[in-house]
Structure formats: structure tokens, C-alpha cells
Amino acid sequence: MRFKVVVTNPVFPETREILEELCDVDINPGPEPWPVAEVRTRCSDADALLAFMTDCVDAGFLEACPRLKVVACALKGWDNFDVEACTRSGIWLTAVPDLLTEPTAELAVGLAIGLCRNVVAGDRAVRASFDGWRPRLYGSGLYGSVVGVAGMGKVGRAITRRLKGFGARELLYFDEQALPASAEAELGACRVSWDTLVGRSDLLILALPLTPDTRHMLDAAALAAASPGLRIVNAGRGSVVDEAAVAEALAEGRLGGYAADVFEMEDWALDDRPRRIAPGLLTDEDRTLFTPHLGSGVVDTRRRIEAAAAHNLLDALKGLVPADAINHPDSLRGFDGAN
């Protein structure tokens, strides 16, 4: 039996070959995502969906796609996918939890250095006219600074391991759950409250997941209590930050800078999310640094992520438990893998 799988973004040829073992593949060939309505139409007779960060699956989507048996996500955080709705509908939901950790941590540290050392402004100055060294664009270094990390999941720990080698005066972290003492000693990190982290850090790196409790955790009130000149890097989820509040704090000179790889507009599951990045952030070119969600943007990493997602998808279609299943449907939607 051949199954139909919809793939909403371009993938490597090797990924397509994996899927074609069991499936006829309907794949988006272009760089721009299909509109939500088109994805829903294409999935209306599909058995499987290989999904990406540009997708959002909720109960309404699933009702329109009665044959779906598995939604396999080529990503780590599944904020935009309704786990309970998938479970109720008898549909497997899978993600790829481990492969994004190291490249995301690398990028977070890269953004921190780029922001603190005015790399983009320096590049712009060289291209405009360069006559040699001048006493300008002085920034700050990681060495001797107080660096805070919010969120001590896999990404937060990977970031902290890298920061340890830069000679920060203090490495602080915030998480609802304390690390074991042995892990704190290995990382050289000290757990503090959220208020202390924001109030004492010279550089704050956010590696928090998006939950009801973390949405807009860095808001106007938190920024008002921040240490003067604080520089912030968001490598977690966009909506952990109130971007409008950050733009206002930058305009008032209370923040030293803001860098991000993630943005509020990307959190599709939030109906009231902004539809664009706060304009004040985009116009402040000297004190901001942005990348277009490149945390996992390493060729080998992306190839492995897609392959893992494809194998999760095929396992579900074969009637097996996918290795990276997020849920375990109580009653699979009229499918036992044998018919």
C-alpha cells in the first residue's frame, strides 16, 4: 500500500528518498511556505504530514484532514502543534528533540559576541570608508562580565558550557528547577531568581521554551528592573520577549542592545501574536542584531533533522511507535499499520 505524505517545505533529496519507500510525496518545491489554506487542502486526503516551523496544526486543521495518521515535525519545539488535539484524533505527533541543541547554542554565543562587539556596525563602517583604527564602536566583552542564562534545558546548558571558556566574572542561571549540584559545579553556574538574573547580568541569553508562564516573561516591568546597559540575546522563543517593550527600552537608552534568532510573529499558535517584528527593533541598526531563525541552520544538522522526522513518519505508517513520539494516541484513527 502506498501512502500520501505532504511536505510543506523543500527538503534534501535524501529525505525524499526515505519517504518514497512507502509514500507518494507532495512536496513544496519553493522557498516560501504554502498558505495555511493550501496546506489544509493538500492534506485533506493525505496520510501523513512532514511539518516545519512555518506550520500550525490545531483541531480545526485535523477535522479537515480525516485520513491523517501522523504529523512528523522537523523541529524541536512544538509550540505551534496542538498535542491534545492530535491525541484525541488518534494521530501521532513527533518532533526531533536533540539534533538542534549544539548548533543553536553556537549561534546564541555568536549573536552575543556580535552584539557586544558591534560587529555589524563595524562591518558597515569598513564598507563605507575605512582609513584605519579610530577610537569608536567600543563595546563590551564576555570576559569579566556577569552573564546570565534563562532556561537550563539542553540548549541552555549547551550555551553555558560554551560561555564558561570566555572567562565571565560570574555565570548565573534561572530555571524553575535547579540543576544538580554536580552539574552546577561542572558549568560553573549559580542559580538565582529571575529578578536577580535580570538585575545583575551584563549579558542575558534567553533559552526558555514558550509556555503560558514564560510568555512575555521579559516585559516592560522586567526591563525597568534590568541592569543599566543590559544586552539581551533571545535564542529560545520569540514570545518570551515583549518586543515592543524591548524597542521602547532601547529607544530610551536603558538597554545596551538586543539580538534575536526568534520572533513573536513566528508563534503561530497564539492568535494575538504580532504579525510583524516591532518596527522600533528593525530601525535601531546600531544596537540590534538579527538572524532569520538559523539556530539549526547547519547543512549536516538540517539533513539529519529531516531524516529523523522522515523515519518517525514511516514508523508511524508501519504501525510502530515512532522513536520521537510526543504523544501516544489512545485510539489510532482507523489504522493499525497493516491495511
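What follows is a chat between a biologist and a modeller about a predicted model.

Biologist: Let's start with Thr-104. Why is Thr-104 called buried?

Modeller: Its relative accessibility is 12%, and buried means under 20%, so Thr-104 counts as buried. Thr-104 is part of helix H5, which covers residues 101-116.

Biologist: What makes the link between the Thr-104 side chain and the backbone oxygen of Leu-100 a polar contact?

Modeller: The side chain reaches that oxygen at 2.7 Å, and the cut-off for a pair of N or O atoms is 3.5 Å, so the pair falls within the limit.

Biologist: And which residues does Thr-104 contact, leaving aside its neighbours within four places in sequence?

Modeller: Val-155, Ala-235, Gly-295 and Ser-296. A contact here is a matter of heavy atoms within 4.5 Å.

Biologist: On to the sheet. Why are S8 and S12 said to stand at the edges?

Modeller: The order of the seven strands is S8-S7-S6-S9-S10-S11-S12, in an open sheet with parallel pairing. Strand S8 (189-191) and strand S12 (288-290) each have a single partner strand, so one side of each has no neighbour in the sheet. From one strand to the next, the twist averages 20 degrees.

Biologist: How do you know that S10 and S11 pair?

Modeller: Pairing takes at least two bridges, and strand S10 (residues 230-234) and strand S11 (residues 255-260) have five, in the parallel sense. If you want a spot to look at, find Val-233, which sits opposite Ala-259 in S11.

Biologist: What makes S9 a partner of both S6 and S10?

Modeller: The same bridge cut-off of at least two applies. Strand S6 (residues 146-150) is joined to S9 by four bridges, and S9 is joined to S10 by four bridges, so both pairs qualify. Ala-150 has Leu-206 as its bridge partner in S9, while Leu-204 faces Ile-232 in S10.

Biologist: Which way do the leucines and the isoleucine of S9 point?

Modeller: Leu-203 and Ile-205 point one way, Leu-204 and Leu-206 the other, and all are buried. As for helices, H5 lies across S9 (203-206), S10, S11 and S12, at about 150 degrees to S10. Helix H11 (residues 243-251) lies across S11 and S12, at about 145 degrees to S11.

Biologist: Now charges. What makes Arg-303 and Glu-14 a salt bridge?

Modeller: Their closest N and O atoms are 3.1 Å apart, and the limit is 4 Å, so the pair counts. Arg-303 is in helix H13 (residues 299-317) and Glu-14 in helix H1 (residues 13-19), 289 residues apart.

Biologist: Why is Arg-303 called partly exposed?

Modeller: Partly exposed lies between 20% and 50%, and Arg-303 comes out at 29%, so it fits. Glu-14, at 35%, is partly exposed too.

Biologist: What does the salt bridge between Lys-69 and Asp-47 tie together?

Modeller: Lys-69 is in the loop between helix H3 (59-63) and strand S4 (70-73), and Asp-47 in the loop between helix H2 (36-43) and strand S3 (48-51), so the pair ties together parts 22 residues apart in sequence. The closest N and O atoms are 2.6 Å apart, and both residues are buried.

Biologist: Last one: why is Arg-127 called exposed?

Modeller: Exposed means over 50%, and Arg-127 has a relative accessible area of 67%, so Arg-127 is exposed. Its salt-bridge partner is Asp-123, with 2.7 Å between the closest N and O atoms. Asp-123, at 37%, counts as partly exposed.

Note on methods
Residues are numbered from 1 along each chain as its sequence is written. This is a predicted model: local features need pLDDT of at least 70, side-chain atom pairs count only at pLDDT 80 or more; totals for chains, interfaces and linings use all residues. Side-chain values use heavy atoms; hydrogens and water are left out. Helices (H or I, at least four residues) and strands (E, at least two) are DSSP runs, numbered from the N terminus. Buried means under 20% relative accessible area, exposed over 50%, partly exposed in between (1.4 Å probe, protein chains only). A polar contact is a pair of N or O atoms within 3.5 Å; within protein, one must be able to donate a hydrogen and the other to accept it, and residues adjacent in sequence count only if both atoms are side-chain atoms. Axes are lines fitted to C-alpha atoms, for helices over the stretch in contact, and angles run from 0 to 180 degrees between N-to-C directions. A salt bridge is a side-chain nitrogen of Lys or Arg within 4 Å of a carboxyl oxygen of Asp or Glu.
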